[in-house]
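Okay, thanks for coming, everyone. I'll put the structure up now, and then we'll walk through the fold, the empty spaces and a couple of residues.

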Amino acid sequence: PSPYPKMKTTMMDSEAAAHHGLVPLPVAIACLASQCVALYSTWFLSAPATIQMPEVAKYVGNFVWLTFQTNLMLLGYYALVVIGCLQALPTLEGLLVRLFPLAFALASFLTMAYYALDHFNSE
């Protein structure tokens with residue numbers, strides 16, 4: 001027997017059972033809620049795409065906007081993150097880990113591209 005006390009290096013079984021997913025549930029819910037707010041504001045608070053781009057928007061509606069498409073994809077990603085927090089699904093967790101670089105890149109690019117290309121454009 002070792003004279004040194006055993007160090008706690010991992011979560012106890014009860015702690016591990018209570019925590020599923022890659023992030024804590026409140027963080028996942030906050031991310032999902034932020035995407036819901038973004039989509040809501042695009043859908044209900046912005047000028048309709050049919051006014052800003054009438055020819056294209058009559059066929060695809062708000063999908064004409066890259067921001068709308070990206071926020072919809074991120075909504076799906078964060079919905080899966082919330083599901084992963086509520087259920088211990090190893091396959092889903094693996095998928096979320098593989099999709100995280102895409103989600104991060106989409107969100108980062110969306111922010112930079114919007115401010116670089118659109119926000120300060122006076123048209």
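So, let's start with contacts. If you take the contacts between residues at least 6 apart in sequence, 65% of them join residues at least 24 apart. Keep in mind throughout that this is a predicted model.

What about the secondary structure? We have 6 helices and 0 strands, so if you read from the N terminus, the order is simply α-α-α-α-α-α. Of the 123 residues in the protein, 21% are buried. The accessible surface adds up to about 9100 Å², and carbon and sulfur atoms account for 69% of that.

Now, the empty spaces. Pockets to begin with. The largest pocket holds about 600 Å³ of space. Its lining is made up of 21 residues, and the ones nearest the centre are W65, T67, L110, Y114 and D118. Three elements each give two or more residues to that lining: α2, which covers 25–45, plus α5 and α6. Which of the elements gives the most to it? That's α6, with 8 residues. As for chemistry, the pocket lining splits into 11 nonpolar residues, 9 polar ones and 1 charged one.

Then the closed spaces. How many cavities of 30 Å³ or more does a search of the whole structure find? The search finds 1, and the volume of that largest cavity is about 30 Å³. Around it you'll find G21, L22, V81, G84, L92, E93 and L96. The elements with two or more residues in this lining are α5, spanning 66–86, and α6, spanning 90–119. Here again the largest share comes from α6, this time with 3 residues. By type, the cavity lining has 4 nonpolar residues, 2 polar and 1 charged.

Let me pick out one of those cavity residues, V81. You'll find V81 in helix α5. Is V81 buried or exposed? Its relative accessibility is 8%, and the cut-off for buried is under 20%, so V81 counts as buried. If we skip the neighbours within four places in sequence, V81 is in contact with V23, A28 and L96. L96 is a name you've just heard, since L96 and V81 both sit in the lining of the cavity. One more distance while we're here: V81 and V27 are 54 residues apart along the chain, and their C-alpha atoms are 9.6 Å apart.

The other residue I'd like to show is T42, over in helix α2. Why does T42 count as buried? Because its relative accessible area is 13%, and the limit for buried is under 20%. Where does the T42 side chain reach? It goes to the backbone oxygen of A38, at 3.0 Å. Beyond the neighbours within four places in sequence, T42 is in contact with N62 and F68.

To pull it together: this is a predicted model with 6 helices. α6 gives the most residues to the lining of the largest pocket, and the largest share of the lining of the largest cavity is from α6 as well. V81, in α5, lines that cavity, while T42 is a buried residue of α2. That's what I have, so over to you for discussion.

Terms used
Residues are numbered from 1 along each chain as its sequence is written. This is a predicted model: local features need pLDDT of at least 70, side-chain atom pairs count only at pLDDT 80 or more; totals for chains, interfaces and linings use all residues. Side-chain values use heavy atoms; hydrogens and water are left out. On a 1 Å grid over the protein atoms alone, a cavity is a set of points where a 1.4 Å probe fits but cannot get out, and a pocket is an open set with protein on both sides within 12 Å along at least five of seven lines; lining residues have an atom within 4 Å of a point. Grid points are joined across faces, edges and corners, and a volume is the space filled by probe spheres set on the points. Helices (H or I, at least four residues) and strands (E, at least two) are DSSP runs, numbered from the N terminus. Ala, Val, Leu, Ile, Met, Phe, Trp, Tyr, Cys and Pro count as nonpolar, Asp, Glu, Lys and Arg as charged, and the others, Gly among them, as polar. Buried means under 20% relative accessible area, exposed over 50%, partly exposed in between (1.4 Å probe, protein chains only). A polar contact is a pair of N or O atoms within 3.5 Å; within protein, one must be able to donate a hydrogen and the other to accept it, and residues adjacent in sequence count only if both atoms are side-chain atoms. Contact means heavy atoms within 4.5 Å. Accessible areas come from the Shrake-Rupley method with a 1.4 Å probe; for residues, only the protein chains shown count as cover.
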